[in-house]
Amino acid sequence: MSSYIGRHAQLYDIFYAEKNYTKEAIFVQQLVNKYYKQQPSKKMLELACGTGNHAFELENLGFQIQAFDYSPDMIARAREKAWEKQSKVSFAVGDMRELPHFEEKFEVAICLFDSIGYVLTNEGVMQVLNGVYENLKDKGIFIFEFWHAPAMLKSFDPVRVKRWKLADKEILRISETSISIPTQTSTVSYNIYEFFPNGTFSHLQEAQTNRFFQLQEMIFFVENAGFKVVSYYDGYENNTKIDEQTWHIVMMAEKV
Ligand SMILES: C[S@@+](CC[C@H](N)C(=O)[O-])C[C@H]1O[C@@H](n2cnc3c(N)ncnc32)[C@H](O)[C@@H]1O
């Protein structure tokens, strides 16, 4: 199991430049503030942080963040950005199924952009939830986002082509998706071409498998790990109506 290796990690921020990380971080902050009322929490654990985009936004909103990702190349990119931004976010390479036991526990943990699905199996999901549970203070909260099965099964795109025209090159990404219903997974095969002004090009290929979930299935996992589901939303909107148009569910669970 691997994802965002080498050059793919370096290109990640180009591919997601349009993603509204600021809005998503504010939504997370609002959930935390609503939950903690008088005492907004400041210490946060982030799983599968990628190149740190949510972490930097949340740091600007006042959180102190310990962030993890199992791709050393994504963490290398996050650290470069931290250095440029003079950020104090602590980035570490680590598998979210094997979280270390931190001496000081956290009030909040997050795992965003459907990253929990990368662990694929029921056992993997439980390992993540149990590890988060261990590292949260009593009544601490876990805010995470997962891919919603009904939207995926109804509307997935077998082939997608995207092009980025940049000052120094052009990038073409072809994404081919296949679905496995029994394992509730989608495998995306990326072919990425970078075309340079001197007529040369480079190519990379990576396949990633990610799992999608039914809402009740996720509630079952979360409750089995000892959490109580506090709320869930259609993405980063204050909308709790979940239907087959809902691609991403953001859930907040409390350690009870
Ligand atoms: C879609 S990216 C999201 C990154 C970041 N959260 C964001 O919103 O930009 C998924 C991330 O999950 C990481 N990942 C996948 N499996 C993991 C695991 N078992 N432990 C830690 N990170 C993992 C990948 O390396 C990748 O950076």
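These exercises work through the central sheet and nonpolar core of a predicted model.

**Exercise 1. Lay out the open sheet: state its strand order and find its edges.**

Step 1. Count the strands: 7 of them form the open sheet.
Step 2. Write the order: β3-β2-β1-β4-β5-β11-β10.
Step 3. Classify the pairing: it is mixed.
Step 4. Look for strands with a single partner. These are β3 (90–93) and β10 (227–234), so one side of each is left without a neighbour in the sheet.
Step 5. Add the twist, which averages 20° from one strand to the next.

**Exercise 2. Walk from β2 through β1 and β4 to β5, giving the sense of each pairing and a residue pair that stands opposite.**

Step 1. Start at β2 (residues 64–69). Strand β1 (residues 43–46) pairs with β2 in the parallel sense over 4 bridges. Across this pairing, Met44 stands opposite Ile65 in β2.
Step 2. Move on to β4. Strands β1 and β4 run parallel and are joined by 3 bridges. Here Leu45 stands opposite Ala109 in β4.
Step 3. Finish at β5. Strands β4 and β5 are paired in the parallel sense, over 5 bridges. Cys111 faces Phe144 of β5 in this pairing, standing opposite that residue.

**Exercise 3. Place helices α3 and α5 against the sheet, and give the handedness of the unit that contains α5.**

Step 1. Take α3 (residues 53–60). Helix α3 packs on the sheet and touches β1, β2 and β4 (106–111). Its direction makes about 175° with that of β2.
Step 2. Take α5 (residues 122–135). Helix α5 also packs on the sheet, touching β1, β4, β5, β10 and β11 (248–255). The angle between the directions of α5 and β5 is about 150°.
Step 3. Join the elements. β4, α5 and β5 make a β-α-β unit, and the unit is right-handed.

**Exercise 4. Describe the largest nonpolar core, then trace the contacts of Ile143.**

Step 1. Size the core: it has 61 residues.
Step 2. Pick out the residues with the most contacts inside the core. They are Ala109, Ile110, Phe142, Ile143 and Phe144.
Step 3. Find the main contributor. Strand β5 (residues 136–147) supplies the largest share, 7 residues.
Step 4. Check the cover on β4: 6 of its 6 residues are buried.
Step 5. Set aside the neighbours of Ile143 within four places in sequence. Ile143 is then in contact with Val28, Leu31, Val108, Ile110, Val250 and Met252.

Technical notes. Residues numbered from 1 in each chain as written. Predicted model: local features only at pLDDT ≥ 70, side-chain atom pairs only at ≥ 80, totals over all residues. Core = buried A, V, L, I, M, F, W, Y, C linked by C-beta atoms within 7 Å. Buried ≥ 20, exposed ≤ 12 C-beta atoms within 10 Å, placed from the backbone. Helix = DSSP H or I, 4+ residues; strand = E, 2+ residues; numbered from the N terminus. Contact = placed C-beta atoms within 7 Å. Pairing = 2+ DSSP bridges. Axes fitted to C-alpha atoms, helices over the stretch in contact; angles between N-to-C directions. Right-handed = clockwise from strand over helix to strand, strands pointing away.
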